[in-house]
Amino acid sequence: VEPALHPTLALDAEPTTLPGNWMMAAARAKGGTLVYDRTSRGYRVIPYTSAFPAPRGSLVAVQRNVSGGRGVGLYDLATDRVRWVTGPPVVTTAMDWSSDGTRLVYAGRAGTGAAVRAVLVDAASGATLQLAAGVDCVEACAPHWLPGDTEIAFNDRSQDGAWSLHVYETTIGRFQRSVAVPGPALSSSAWSPDGRHVVVGPMDGSATSVVEVASGRTVAVLRTTTPSTGPPRASRPPVRPSQSSTTGTGPNPAGVYWVGADRLLAVAGSAVTQYGLDGSRLDVFPLPGGMSATDTYDIILTPVNGR
């Protein structure tokens, strides 16, 4: 039985404001995706289970099954119409918007058996650009924007298990450099605003870490509390957990967001946790309507006024 889409959350509800003036932008489930419409100032459901709202404007990147992978489309909340991109089909669910919402990057394959490349999409024209053939995307590719929106990075893992980020410029897709990292970075939200730190870690969250890019030094390990017996009530005030606690596993690195130079938000379970740069847990906020970031709901956060 497919889960109901957020029966306790009114579609005209105002979003819960999180630290740094962030909010829940979308919640994906098997029956579709609940997205926040900035024009109507309320939540609405669109019939795509893989959807990524732009940080500004009315576009949502969506996917549909096609031969060789999934097709990429730009769904406009203002018109309820989709423009399907004519570039290579997507081969992973990894997509990332530029901070102004004008360009999208995803991992695509030009044909069966072809190498996986990072693909740029211009949201206004739908034109695509495949990044130059430097190193193919492989495990946990996750192409994403670096701070400043002039470069794209994606992950690579060598045969000996070492991780690195391959960086490309975005005008003609030329390879720029490689950066050694202790684990994969999974989105632009993983990077601090000044580019000095990045959140990396395995997908299971067992060692989600904040790393200083220049030195490769781990400055913090993000941990969650031991799961409670039930979700927090929507009316419950923020919890002030012990900052010295080191129990529990870490949040999925794909759900960690920088909201300042020394503050991060992470979605885990039925709450959003605020962390300091040293890994200390500062506050815990319940998700709207008792939702939970599990296999049922995949939560996406965004700044209230765009990045």
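**Stop 1: a hairpin to start from**

Select strands β14 and β15: they pair in the antiparallel sense, over six bridges. You're looking at a predicted model, by the way. Strand β14 covers residues 163-169, and strand β15 covers residues 175-181. Together β14 and β15 make a hairpin, with five residues between the two strands. Click on Gly 173 in that turn: its phi is positive, at about 75°.

Now show the side chains of Tyr 168 and Phe 175. Tyr 168 stands opposite Phe 175 in β15. How do the rings of Tyr 168 and Phe 175 meet, judging by their centres and planes? The centres are 5.5 Å apart and the planes are at 75°, so this pair counts as edge-to-face. Is Tyr 168 buried or exposed? Tyr 168 has a relative accessible area of 1%, so it is buried. Phe 175 is partly exposed, because its relative accessible area is 31%.

**Stop 2: widen to the sheet**

Add the neighbouring strands. Four strands form an open sheet in the order β12-β13-β14-β15, and the pairing is antiparallel. Which strands are at the edges? They are β12 (144-145) and β15, each of which pairs on one side only.

Look next at β13, residues 151-157. Strand β13 pairs with β14 in the antiparallel sense, over seven bridges. To find your place along that pairing, pick Arg 157, which stands opposite Trp 163 in β14.

Stay with the sheet and select Arg 177 and Glu 151. Their side chains meet in a salt bridge, with N to O at 2.8 Å. This pair links distant parts of the chain: Arg 177 belongs to β15 and Glu 151 to β13, and the two residues are 26 apart. Glu 151 has 15% relative accessibility, so it counts as buried. Arg 177 counts as partly exposed because its relative accessibility is 36%.

**Stop 3: more charged pairs**

Side chains of opposite charge can pair when their charged atoms come close. How many salt bridges are there? The count is five.

Head over to Asp 37 and Arg 44, whose side chains form one with N to O at 3.3 Å. Both Asp 37 and Arg 44 are buried. Add Asp 80 to your selection, and you have a network of salt bridges linking Asp 37, Arg 44 and Asp 80.

For another, try Arg 263 and Asp 262: the closest N and O atoms of this salt bridge are 3.6 Å apart. Arg 263 is partly exposed, with a relative accessible area of 32%. Asp 262 is partly exposed too, at 38%.

**Stop 4: rings and charges**

Back to aromatic side chains. A pair of aromatic rings is described by the distance of the centres and the angle of the planes. The structure has six aromatic pairs. Select Tyr 48, Tyr 75 and Trp 84, which ring pairs link into a cluster. While you have Trp 84 on screen, show Arg 64: its charged end sits over the ring of Trp 84, 3.9 Å from the centre. There's a similar sight at Phe 52, where the charged end of Arg 28 sits over the ring, 4.5 Å from its centre.

**Stop 5: into the cores**

In soluble globular proteins, nonpolar side chains tend to be buried together. Here the largest nonpolar core has 43 residues. Which of its members touch the most others? Select Met 24, Ile 46, Trp 97, Leu 104, Tyr 106 and Leu 301 to see them. Strand β1 (residues 22-29) supplies the largest share of this core, five residues.

Zoom in on Leu 301. Leaving aside residues up to four places away in sequence, Leu 301 touches several others, including Trp 22, Met 24, Tyr 257, Leu 265 and Val 272.

Then move to a second, separate core of 22 residues. Val 167, Trp 191, Val 199 and Ala 266 are among its members.

**Last stop: zoom out**

Show the whole protein chain. How many helices and strands does it have? There are zero helices and 23 strands. Of the 307 residues, 51% are buried. Finally, take the contacts between residues at least 6 apart in sequence: 44% of them join residues at least 24 apart.

Notes:
Residues numbered from 1 in each chain as written. Predicted model: local features only at pLDDT ≥ 70, side-chain atom pairs only at ≥ 80, totals over all residues. Heavy atoms only, no water. Salt bridge = Lys/Arg side-chain N within 4 Å of Asp/Glu carboxyl O. Buried < 20%, exposed > 50% of the residue type's maximum accessible area, 1.4 Å probe, protein only. Pairing = 2+ DSSP bridges. Core = buried A, V, L, I, M, F, W, Y, C linked by side-chain atoms within 4.5 Å. Contact = heavy atoms within 4.5 Å. Phe/Tyr/Trp six-rings, centres within 6.5 Å; stacked < 30°, edge-to-face > 60°. Lys NZ or Arg CZ within 6 Å of the ring centre and 35° of its normal.
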